[in-house]
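The following exercises are to be worked with the sequence and the three-dimensional structure at hand. Each task is followed by a solution in steps.

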Amino acid sequence: MLTVKDLHASVEGKEILKGINLEVNPGEVHAIMGPNGSGKSTLSAVIAGNEDYEVEKGEIILNGEDLSEDDAETRAHKGVFLSFQYPVEIPGVTVTNFIKTAINASRKAQGLDDMPAKDMLKNIREKAALLEIDSKFLSRSLNEGFSGGEKKRNEIFQMAMLEPKLAILDETDSGLDIDALKIVANGVNKLKSKDNAVIVITHYQRLLDYIVPDFVHVLHNGKIVKSGTKELAHELEAKGYDWIKQLAD
Amino acid sequence: MDLKEKLISSFMAFEEQLDLSSPIHEMRTRSLKQFEEIGFPTKKEEAWKYTSIAKLLKNDYSIFPKKETTIELKNVKKYFLYDIDTYKIVFIDGVYSPFLSDTTHDGIDVCLMSAALTRDKYKSIIEKYLNTIAKQDDSLTALNTAFTKEGAYIFIPKSVVAEKPIQIIHFSTSEQGPMLLQPRNLIVAEENSQVQIFERHQSLVSHQVLTNSVTEIFAAENAIVDYYKVQNDLEEASLIDNTYVSQKGKSHVSVHTFSFGGKLIRNNLNFYQKGEYIDSTMKGITIIGDKQHVDHYTLVDHAQPNCESHQDYKGIYADKSVGVFNGKIYVNQIAQKTNAFQKNNNILLDDTATINTKPQLEIFADDVKCSHGCTIGQLDKDALFYLRSRGIPKKEAKGLLTYAFANNVLESVKIPAIKTRINKLIANKLGVSVGHDL
């Protein structure tokens, strides 16, 4: 599904990613962990096509296609989804309108007509129920005045609606209480299938109790320094990141 | 003969058709003299530094409407607030259109200035209010006063709430070549009364039309007046709107100005607070491109203690358009506990657009809260990435963000039909679809 080869990326001339290699197959959940500043969010932004980051070297291949030259919207059309750590507030544009616009933009890119209103409504209702989202919430302005939990639930709701091939969840657990965390994790688990893949980016192991990864990678100083199975996450939780840093240095 | 000379020489002919013995005659003559002395404003004046009307004055305007033009309602319905019940005062090329209008004398007066100026019934109100708050030494206001004849006359007596909004609509056609229109409106809201007004100037085919409008609004104690101006005219239409608001204690007046189209628009909006616990609100959304020019020149005169003023102007400029915002707040020495807020936020969509923004605060009292802020920026990059990462193409994403930027000014619009209408106009203007929710 996704192959990242020797990926180097920088922002404002500063190299953040220093040769990332990653292979994600359909049906897999990968967790990327690491201390603050290790490059976790940069990796997700670069895969999603944020133009603030300069890709110096390497390849990002999704289902055999190199994404490197694609803009963010094209990557979205090809099935990449990024759940933001800090979703942006957009006053005056309701959640419903936003998601309709996004879905129909993707359909248009694929040469399809707008989704019929009836289907859209049904789809929205189903996915909102999955995330335990109230219908009143859907007519609020996107992310405006949302609590941390509401923002993250809304991100996963968008993921549910857009049905991506590859979903990257960037620090989705930050700012969530345990109930919200369970709802979000439950939503992600229900959306998982043998045809899609999820990359969970997190600082803490907590979320991984609910979204259980097949593989765990530890990022440090722009490189993956250790990979393992879910036990690695427990080890990190118990021992902290210092031993990884020493291991790498 | 230039326009100034033409106007002065036309004045005699204009006056001869009217009642020379009325006090209005004296007012007109005095104002013409004022205009003759001052002449049209030029860029040399500080207040007109960023806006030149010199080119507009070169057109050979007809000054008086020559004949009545009729238009069919079905062709112009879309310019009205048609989905709610309203009173209407409609003019076509400066001439009252009884067919399109819906006036009243039932409890309130919603009628014509020409009637109010000539009938005894209105004499005391006209004498008490007309031309008493309008700036005497402003040349364009003086010019309008000199030719005062037609416009809207609205009188809401004590403790009456006008149960329907009032629409003042000016249509222009190209039947008479370049045209100068000078409507004069008077709105008097007595103690505890309430009224909502919607005003629009619209040319039906693109042609040279210059409107120099003067509106005087008087809000007595506890009165509530909400005024909405839609300026979305065709490319050759220009508008100079001079609005003067006089407020007494505990009154609330709001003026919303939506400037989406026209060649040149200048809004001179002046609030004079003449009592305590007054609230004055001035809001605006400007969205222009294509070499258009919109200038907001506002004044709030805080003359008494314990009053508030709120200004929030948003501007979105593209394609060689020019925006101007000059906001003057004057706080008199005795106007303690004044709260005066002013915001002017602008987005330039490309490198060819210009905005000149200038807050001007003159504060002579020491116990006041005054704030002003102006920003000129581009769209937020993070927000743009957020939208694009959801598959929304760059152009559409920019449109949505621009829409979101402007949209919150609408929160203070009290009439849902106006809110919906403006929302649609903004979305149209920015090329985004924000249709109704499912």
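A residue is buried if 20 or more other C-beta atoms lie within 10 Å of its own, exposed if 12 or fewer, and partly exposed in between. The model to which this cut-off is applied here is predicted.

**Exercise 1. Backbone and burial in three loops of chain B**

Task: Determine whether B:Asp319 counts as buried, partly exposed or exposed, and describe its backbone.

Solution. Step 1: locate the residue. B:Asp319 is found in the loop between strand E16 (308–317) and strand E17 (322–331) of chain B.
Step 2: count its neighbours. Because B:Asp319 has 13 C-beta neighbours inside 10 Å, it is classed as partly exposed.
Step 3: inspect phi. Most residues other than glycine have a negative phi. B:Asp319, although not a glycine, has a positive phi of about 45 degrees.

Task: Carry out the same steps for B:Asn192, stating in which loop it lies.

Solution. Step 1: B:Asn192 belongs to the loop between strand E7 (184–189) and strand E8 (194–203) of chain B.
Step 2: its 18 C-beta neighbours inside 10 Å are the reason why B:Asn192 counts as partly exposed.
Step 3: B:Asn192 is not a glycine, yet its phi is positive, about 60 degrees.

Task: Decide whether B:Gly262 is buried or exposed, and identify the residues that it touches.

Solution. Step 1: B:Gly262 sits in the loop between strand E12 (252–261) and strand E13 (264–273) of chain B.
Step 2: B:Gly262 has 24 C-beta neighbours inside 10 Å and therefore counts as buried.
Step 3: leaving aside residues up to four places away in sequence, B:Gly262 touches B:Gln231, B:Asp233, B:Ala237, B:Ser238, B:Leu239 and B:Gln292.
Step 4: the C-alpha atoms of B:Gly262 and B:Leu234 are separated by 5.2 Å, with the two residues 28 apart along the chain.

**Exercise 2. A helix pair in chain B**

Task: Describe how helix H8 (residues 394–407) and helix H9 (residues 416–430) of chain B cross.

Solution. Step 1: two packed helices are described by the angle between their axes and the distance between the axes. The axes of H8(B) and H9(B) come within 9 Å and cross at roughly 145 degrees.
Step 2: the crossing of H8(B) and H9(B) is right-handed.
Step 3: H8(B) contributes B:Gly399, B:Thr402, B:Tyr403, B:Ala406 and B:Asn407 to the contact, and H9(B) contributes B:Ile426, B:Ala427 and B:Leu430.
Step 4: by class, the residues of this contact are 5 nonpolar, 3 polar and no charged.

**Exercise 3. The sheet of chain A**

Task: State the strand order of the open sheet of 6 strands in chain A, and name its edge strands.

Solution. Step 1: the order is E6-E9-E10-E3-E11-E12, with mixed pairing.
Step 2: strand E6 (80–83) and strand E12 (223–228) of chain A are the edges, each pairing on one side only.
Step 3: from one strand to the next, the twist averages 20 degrees.
Step 4: strand E3 (residues 29–33) and strand E10 (residues 197–202) of chain A run parallel and are joined by 5 bridges. A:Ile32 stands opposite A:Ile201 in E10(A).

**Exercise 4. The interface**

Task: Which element gives the most residues to the side of chain A that touches chain B?

Solution. Step 1: 30 residues of chain A are in contact with 23 residues of chain B.
Step 2: among the elements of chain A that give two or more residues to this side are helix H3 (95–109) and helix H6 (148–162).
Step 3: H3(A) gives the most, with 6 residues.
Step 4: the side of chain A that touches chain B has 17 nonpolar, 10 polar and 3 charged residues.

How values were computed:
Residues are numbered from 1 along each chain as its sequence is written. Chains are lettered from A and ligands numbered from 1 in the order in which they are written. This is a predicted model: local features need pLDDT of at least 70, side-chain atom pairs count only at pLDDT 80 or more; totals for chains, interfaces and linings use all residues. Helices (H or I, at least four residues) and strands (E, at least two) are DSSP runs, numbered from the N terminus. Two residues are in contact if their C-beta atoms, placed from the backbone, lie within 7 Å. Ala, Val, Leu, Ile, Met, Phe, Trp, Tyr, Cys and Pro count as nonpolar, Asp, Glu, Lys and Arg as charged, and the others, Gly among them, as polar. Axes are lines fitted to C-alpha atoms, for helices over the stretch in contact, and angles run from 0 to 180 degrees between N-to-C directions. A crossing is left-handed if the near helix is turned anticlockwise from the far one by less than a right angle, and right-handed if clockwise. Two strands pair if DSSP finds at least two bridges between them.
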